[in-house]
Structure formats: C-alpha cells, structure tokens
Amino acid sequence: MAIINLFGASGHAKVIKDIIESQGDSVGSLYDDAPHCKEIGGAPVYKASDTHIEFPLIISIGSNKIRKLISERYIGEYAKGIAPSAIISDSAHIEEGTVVMQQAIIQADAKIGKHCIINTGASVDHECVIKDFVHISPNATLCGNVHIGEGAWIGAGATVIPGIHIGDWAIIGAGSVVISDIPANSVVAGIPAKPIHK
C-alpha cells in the first residue's frame, strides 16, 4: 500500500481521494495555496507555503493551466490514480500524474500524457494520443486516432469523430460534436462544433 499526497483541497480532491483508496492506497496529506478547510475525509490539509511538500503526489486541481504551473513548481515523483471500475487496455500507456476516473474506458494503443484527467465515463478509443495537462470531461467520447494537444479541455458529453486533431489549449464546449480539426487556443461549441472566439 502506497501513501499518496494531493495538491489541491477541493471537490476534485475528494474524488481523487476515493480513487486512491479504492485502488488500495491511502492519502497522506493535502496541500493547497489557499486552503478552505483543515481536513478532507480525515486527511489533514496544509497551506503549501507553510510546509514541506511530500511525494509521491497527485495534483488534484481541475484547471489544466494550474496543474501545469504546480507541476513546474514542485519537481518530484508523481503518482497515478486509476479507478478499479475503469477499463484500460493492456496496450494503453498512461503517464505520471494522470487520473482515470470511474467507468472511463481507454482502448488499445491509446497514449495518455502527464497530469491528465480522464473523467467519469469518458471514452478514449484506439490509438488516441492525448498530450499533457488535458481534461477529458465526464461522458466525452474520443473516437479512434484522435490527437488532443497539450492543455486542451474536452467538455462533458462532447464527441470527437475519428482522426481529428485538436490543438494545444483548445476548449470544446459540452455536448459538442467535432467533425473537423480545431486550431490551438480555439474555443468551439455546437453540432457541428464551430468557433466561439479565439
């Protein structure tokens, strides 16, 4: 049994704590730049600037940009959190810091980068490539061979058809259907997904 610490003490941390415990590990301490509580589920919460950050660590913050900033601030061993109810192909590759939530599916030869969130019920099909700091929201579907750039956010219930490339730090609105490539830093929504603004 490993002891895993969390950076971020909000609702997202509660979900990750459940996942860590369900995979047979335990949460040691939680850290936050501006904590609003003293403990979560019996685990103590500390102000990050007032204490030494212990590793291994998972960054339990939903914001892709903030996860990147924290990972650059604190260099050390990052753990993974994978819910037992997730279905993950033996040929899929998942890097450090990433969390795969309940009932998510990751298919053959998918590659998931560092510090990603594959949220509840999300589906990542064969040979998808997901770069670092991406968030695939609940019930989003990536069909086969989709490429998602660094820091992109795929909204809840969105569908991306096969072979699409989504650029770095793009945002795909909830419920959208993406049928063409999306440039970096774009915000798109709708069926089919169209630009809202850059």
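**Exercise 1.** Does His-135 count as buried or exposed, and at what relative accessibility?

*Solution.* The model is a predicted one.
Step 1: take the value for His-135, which is 8% relative accessibility.
Step 2: apply the cut-off; buried means under 20%.
Step 3: His-135 therefore counts as buried.

**Exercise 2.** Place His-135 in its strand and list its contacts outside the neighbours within four places in sequence.

*Solution.*
Step 1: strand S15 spans residues 135-136 and holds His-135.
Step 2: leave aside neighbours within four places in sequence; His-135 then contacts Gly-62, Asn-64, Arg-67, Ile-117, Asn-119, Ala-152, Trp-153 and Ile-154.
Step 3: look for a side-chain pair. His-135 and Asn-119 make a polar contact between their side chains, at 3.0 Å.

**Exercise 3.** Describe the largest pocket by volume, lining and residue class.

*Solution.*
Step 1: the volume is about 180 Å³.
Step 2: the lining residues include Gly-62, Asn-64, Lys-65, Trp-153, Trp-169 and Asn-185.
Step 3: sort the lining by class; it has five nonpolar, five polar and one charged residues.

**Exercise 4.** Which members of the largest nonpolar core touch the most other members?

*Solution.*
Step 1: the largest nonpolar core has 32 residues.
Step 2: Ile-118, Ile-130, Leu-142, Ile-154 and Ile-166 touch the most other members.
Step 3: inspect Ile-130. Beyond its neighbours within four places in sequence, Ile-130 has contacts including Cys-116, Ile-118, Val-124, Ile-136, Leu-142 and Ile-148.
Step 4: apart from the largest core lies another, of 18 residues, with Leu-6, Ala-9, Ile-16 and Ala-43 among them.

Technical notes. Residues are numbered from 1 along each chain as its sequence is written. This is a predicted model: local features need pLDDT of at least 70, side-chain atom pairs count only at pLDDT 80 or more; totals for chains, interfaces and linings use all residues. Side-chain values use heavy atoms; hydrogens and water are left out. On a 1 Å grid over the protein atoms alone, a cavity is a set of points where a 1.4 Å probe fits but cannot get out, and a pocket is an open set with protein on both sides within 12 Å along at least five of seven lines; lining residues have an atom within 4 Å of a point. Grid points are joined across faces, edges and corners, and a volume is the space filled by probe spheres set on the points. Ala, Val, Leu, Ile, Met, Phe, Trp, Tyr, Cys and Pro count as nonpolar, Asp, Glu, Lys and Arg as charged, and the others, Gly among them, as polar. A nonpolar core is a set of buried Ala, Val, Leu, Ile, Met, Phe, Trp, Tyr and Cys residues joined through side-chain atoms within 4.5 Å. Buried means under 20% relative accessible area, exposed over 50%, partly exposed in between (1.4 Å probe, protein chains only). Contact means heavy atoms within 4.5 Å. Helices (H or I, at least four residues) and strands (E, at least two) are DSSP runs, numbered from the N terminus. A polar contact is a pair of N or O atoms within 3.5 Å; within protein, one must be able to donate a hydrogen and the other to accept it, and residues adjacent in sequence count only if both atoms are side-chain atoms.
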